Amino acid sequence: MAIYVPPTEREKKNPILPFGDHHDSPFYSMDVLSVSQFGRDDLDYIFGVAKEMRAMVERVGTFDLLKGKILANLFYEPSTRTSSSFLAAMERLGGSVIPINEVTYSSVSKGESLPDTVRTLECYADVIVIRHPEVGSAKLAAKYAKKPVINAGDGVGEHPTQALLDLFTIEEELGRIDGLTITMLGDLKYGRTVHSLARLLSQYDVSINYISPDILRMPSELVEELKVGGIRQAEFSVLDPVIGETDVLYVTRIQKERFKDAEVYKQVKGTYVITPDTLRKAKEEMIVMHPFPRVGEISMDLDQDPRAAYFRQMQCGLYVRMALLAMVFGKA
Ligand code: NCD
C-alpha cells in the first residue's frame with residue numbers, strides 16, 4: 001500500500017505530480033535558469049543521477065519514469081544537439097514532446113509575446129525548455145510560467161544545461177575536476193557555453209586560461225567575478241604557451257550571428273584551427289571538447305585522436321538532460 005505523503009506548499013500551487021513522488025526533492029518543480037543555482041553537492045547529485053541514466057539507457061533504452069508527462073521544446077534560435085537531446089531525453093524517459101523548432105511557423109511570427117507563448121504552452125505541457133536570442137529571456141519566461149522552465153541558451157547569456165554536461169564529461173573522462181587546468185579558446189565574448197562553464201568551474205580548485213582574439217575576450221565582469229572567488233585565470237591570444245599544461249582544451253565557434261558588422265567577423269574568423277599538429281605538445285591524458293557546431297576550428301583529422309572528446313561529450317548531454325528532467329519531476 002502506498003504511504004500518503006502530504007503535498008508541499010509549492011506542490012499545492014503547481015500540482016504537476018501525483019502525490020507519492022519525491023516532491024520533497026530540492027529540484028522538484030525547479031526552474032533551471034543559471035548555473036549559479038547549483039552548489040557542489042547538487043552537481044555531485046546530478047552527475048550521480050546522470051550515471052544511473054546512462055546505465056538504464058544502455059540496459060533498456062527507454063523506460064517509463066516520465067510516462068504521461070509532456071515537454072514543450074521552444075526554440076527561437078537554431079539548434080541540433082540541445083533540441084534533439086532534450087527530445088531524446090524526454091522520450092527515453094517515456095514522456096512526450098511538443099517540438100517548436102521553427103518559431104516562424106508558430107504564432108510568434110504573428111507577433112505573439114514571449115509571456116503569452118509560454119502561458120499557452122503550459123496549458124498543454126508540464127515543463128518548458130526555451131532557447132531565445134535575448135539575455136534574460138528564460139528568466140522572463142519563468143516569471144510568467146507556473147510550470148518549470150529550463151534555459152537552453154539565452155543569447156550571449158547562459159547555457160546552464162550545456163555547462164552541466166560539459167562538467168560531467170570532464171569528470172567522466174579525467175576522473176576529477178579539482179586540480180585541472182582548463183583552457184577555453186575562441187569566441188569567449190559571445191560564447192554562452194564558456195560563460196556558464198567558467199562559473200560552474202569556479203566552485204572547484206582549477207586554473208583557467210582564456211585564449212581569444214582581443215575583440216572576443218572573456219567579459220571582464222565574469223573574469224572579476226571568478227577572481228573574487230580565488231580562481232587562477234590568465235589571458236592569451238595564442239594557444240602555444242599553455243597547450244602543454246592544459247588538461248581540458250575547450251574550443252568554441254566564432255559566433256558569426258552575434259556580430260553586427262560582417263567585416264569584423266571576417267577579420268577574426270579562422271583565427272584558430274586545432275589540428276593533430278597542435279596537440280603534439282599536449283599531454284597524453286588530456287581532452288579536447290567543443291559544444292558544437294564546429295565551423296572549421298577543429299580539423300576533422302583530429303577526430304580519430306582518443307583525446308578528441310566532443311562526440312562523447314554530446315552523448316553525456318543526453319544523460320545529464322535525462323537526469324535534470326527526472327529531478328524536475330521529482331522522480332530522482
Ligand atoms: C552552442 C550554443 O548554441 O550556444 N551549441 C550548443 O548548444 N551545443 C554553441 C554554438 O552555437 O556555437
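Start by selecting residues 15-20. pLDDT (the predictor's confidence in each residue, from 0 to 100) stays under 50 here. For this stretch the model has 19 contacts (heavy atoms within 4.5 Å) beyond four places in sequence. Now colour the whole protein by pLDDT: the average is 92, and 92% of the residues score at least 70.

Some ground rules before moving on. This is a predicted model, where local features need pLDDT of at least 70, side-chain atom pairs count only at pLDDT 80 or more, and totals for chains, interfaces and linings use all residues. Residues are numbered from 1 along each chain as its sequence is written, and side-chain values use heavy atoms, with hydrogens and water left out.

**Stop: strand β1**

Select residues 70-75, which make up strand β1. Strands (E, at least two residues) and helices (H or I, at least four) are DSSP runs, numbered from the N terminus. Five of the six β1 residues are buried, so β1 is largely enclosed by the rest of the structure; buried means under 20% relative accessible area, with exposed over 50% and partly exposed in between (1.4 Å probe, protein chains only).

Add strand β2, residues 96-100: five bridges join it to β1, and the two run parallel. Strands count as a pair if DSSP finds at least two bridges between them. Look for Ile70, whose bridge partner in β2 is Ser96. Then trace the chain from β1 through helix α3 (residues 81-92) to β2; this β-α-β crossover is right-handed, meaning that with the strands pointing away from you, the path from the first strand over the helix to the second runs clockwise.

Next, show strand β3 (residues 127-132), which pairs with β1 in the parallel sense over five bridges. Ala72 stands opposite Ile128 there.

**Stop: strand β5**

Jump to residues 181-185. Are both faces of β5 covered or not? They are: Thr181, Thr183 and Leu185 are buried on one side, Ile182 and Met184 on the other.

Add strand β6 (residues 207-211), a parallel partner of β5 over five bridges; Thr181 has Ser207 as its bridge partner. With helix α7 (residues 192-201), β5 and β6 make a right-handed β-α-β unit. Strand β8 (residues 248-251) also pairs with β5 in the parallel sense, over four bridges, and Met184 partners Tyr250.

**Last stop: the ligand**

Select what surrounds the ligand (a heavy atom within 4 Å): the residues include Thr82, Arg131, His159 and Arg253. A polar side-chain atom of Gln255 lies 2.9 Å from a ligand oxygen atom. Finish at Phe292, where a polar backbone atom is 2.9 Å from a ligand nitrogen atom.

Notes
Polar contact = N/O pair within 3.5 Å; in protein donor to acceptor, adjacent residues only side chain to side chain.
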